[in-house]
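Visitor: I have the model up on my screen, and I keep running into labels I don't quite get. Could you walk me through them?

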Amino acid sequence: MAIDGSTVVLPKHKTIIEEFGVVNCGPRADSPKSMARLSVLYDVLNFTTLDGQIDSYDTSERALLKRHLGSVLPGKDLLLMDRGYPSLPLMFQLQQQGIDFCIRMRDDWWKEVRKMLDNGETDKVVTFNLPKNEENKKLLEQYKTKDTRIKCRLVAINIEGSDTLEVLCTSVTNAKKLPYDCFSTLYHYRWNIEEGIKLYKCRATLEAFSGKTALSVKQDFHAKIFMMSTMAVLAFPIEEKIKKESQKSTRKHRYKINRTNALAMAREVIGIIFFGKKERQGLEAFDKVLESTTECVRPNRQFPRNKIPKKPPSMNYKHL
C-alpha cells in the first residue's frame, strides 16, 4: 500500500469557509482562497483506492494518514511513504500497531542518515528513541508501554532514474524477508500512487465540483473515489490478460492498458452495469476498448516537470 496527499482549490461559498477555512495565497499572501487537503490509501499493485480522506488545508498529511490505519492489515500490508511523512512518533505508533512501513528519509533532517551516507554504509539496523515530551508521554500511556525504542532498518539505494543515493527506513529488519536488492523495485511501486492522484486531478477533474457547498465537495470527492476504484476492478481481468500476453510476446517492450481510456469508458458503462439491462454488452464493450488501446511501457524514461499555472474549472460549465 502507499499513502500520499495533495491539495485542491474549493469553490467560494459560506459553507466551504465554515468547514475548510481560508488560506492566503500568492507571493504576497494577499489572495484568499479556500483549499482542502486530501489523502488516499492506495493499493499500488492493483491500482485501487482503499480509503480517502479530505479535510481543511491546515490538517497535516500525517494526521490524515492516521485516519487510514483502520483500513490497513497489521502484519500483512506494507506502507510506502515519501519523505514528507517520517517522524519518530509516527514510526512508534505504526510499530505498536504491528504495521510495517518503508519511508524515504531526508539526509538533512536525520543525523543517522547523514552518518550512514558518510560512512558508505548501505544496509544497517538502527534504534531510535522516542523523545521525552508531553505528547509522546500520552503515546506511551495509550499503548501501555515504557519502552521508547524504535528499531528500524536503514537502506541506501539508487532510486530508478536517479544517480544519488536515497535512504529508506523500514520496520522490516529481517534481511531474508526483504533482501537489500528488492528495495529499489519495491519503492518504485510508490510511483503508482502519484499516477493515481494525477488521474484524479487531471483526468477525473476532481476540482471541477458539481456544486459549491461543503457537502457537494465531499460527495464529489467520494464519488470520484468510487468511480476510480470501480474502473480498476473492471479493468483488472484485461490488465492481467495483457501482462500474460506481453510475457509470451517477442516484442521489445511490455504493454499495459491505457487508464485514461479505461476511466472514460468506466464513466459510460457504470450506469449501464448498475441501472441498465445491458450489463453483458456494456462489459464486453469496456473490455474491447481496453484491449485495443494498450500502450507501450518504456523503462527508464525521464521528463522534467513543467509547472504551468492552471485556471480553476468554471462553475458555469460543470460536467454533467
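Visitor: What makes H9 and H10 roughly antiparallel or roughly parallel?

Guide: Their axes cross at roughly 175 degrees and come within 9 Å. The axes are lines fitted to C-alpha atoms, for helices over the stretch in contact, and angles run from 0 to 180 degrees between N-to-C directions. Angles under 35 degrees count as roughly parallel, over 145 as roughly antiparallel, 65 to 115 as roughly perpendicular, and the rest as oblique. So H9 is roughly antiparallel to H10. By the way, this is a predicted model, where local features need pLDDT of at least 70, side-chain atom pairs count only at pLDDT 80 or more, and totals for chains, interfaces and linings use all residues. Residues are numbered from 1 along each chain as its sequence is written, and side-chain values use heavy atoms, with hydrogens and water left out.

Visitor: Which residues of H9 and H10 meet?

Guide: On H9 you'll find Ala262, Met265, Ala266, Val269, Ile272 and Ile273, and they meet Glu279, Gly282, Leu283, Ala285, Phe286, Val289 and Leu290 on H10. Contact here means heavy atoms within 4.5 Å. Sorted by class, that gives 11 nonpolar, one polar and one charged residues. Ala, Val, Leu, Ile, Met, Phe, Trp, Tyr, Cys and Pro count as nonpolar, Asp, Glu, Lys and Arg as charged, and the others, Gly among them, as polar. As for the names, helices (H or I, at least four residues) and strands (E, at least two) are DSSP runs, numbered from the N terminus.

Visitor: Why are H8 and H10 called oblique?

Guide: Helix H8 (residues 214-248) and helix H10 (residues 279-292) pack at about 50 degrees, with axes 10 Å apart. That angle fits none of the named ranges, so the pair is oblique. H8 also passes H10 in a right-handed crossing, a word used if the near helix is turned clockwise from the far one by less than a right angle, with left-handed for anticlockwise. On the H8 side the contact is made by Met231, Leu234, Ala235, Ile238, Lys241 and Ile242, and on the H10 side by Leu283, Phe286, Asp287, Leu290 and Glu291. That comes to eight nonpolar, no polar and three charged residues.

Visitor: And what is the angle between H3 and H5?

Guide: Helix H3 (residues 88-96) and helix H5 (residues 134-142) cross at roughly 0 degrees, and their axes come within 11 Å. That makes H3 roughly parallel to H5. Pro89, Phe92 and Gln93 of H3 make the contact with Asn136, Leu139 and Leu140 of H5. Here the classes are four nonpolar, two polar and no charged residues.

Visitor: How do you know how many disulfides there are?

Guide: A disulfide is a pair of cysteine sulfur atoms within 2.5 Å, and a search of the whole structure finds zero. Take Cys102: the nearest cysteine sulfur, that of Cys169, is 8.2 Å away, and Cys102 is in no disulfide. Cys169 has the sulfur of Cys152 as its nearest, at 3.8 Å, and is in no disulfide either.

Visitor: Why is Cys102 called buried?

Guide: Buried means under 20% relative accessible area, exposed over 50%, and partly exposed in between (1.4 Å probe, protein chains only). Cys102 has 0%, so it counts as buried. Cys169 is buried as well, with 0%.

Visitor: What makes Asn258 buried or exposed?

Guide: Asn258 has 18%, which means it is buried. Asn258 lies in the loop between strand E11 (255-256) and helix H9 (259-275). Leaving aside neighbours within four places in sequence, Asn258 is in contact with Thr293 and Glu295.

Visitor: Where is Leu69?

Guide: Leu69 is in the loop between helix H2 (61-68) and strand E6 (78-81). At 8% relative accessible area, Leu69 is buried. Beyond neighbours within four places in sequence, Leu69 is in contact with Leu79, Leu94, Gln97 and Ile99.

Visitor: What is the phi of Phe47?

Guide: Phi of Phe47 is near 55 degrees, a positive value in a residue other than glycine. Most residues other than glycine have a negative phi. Phe47 sits in the loop between strand E4 (35-43) and strand E5 (48-56), and at 22% Phe47 is partly exposed.

Visitor: And what about Thr205?

Guide: Thr205 also has a positive phi, near 45 degrees. Thr205 lies in the loop between helix H7 (191-203) and H8, and its 21% makes Thr205 partly exposed.
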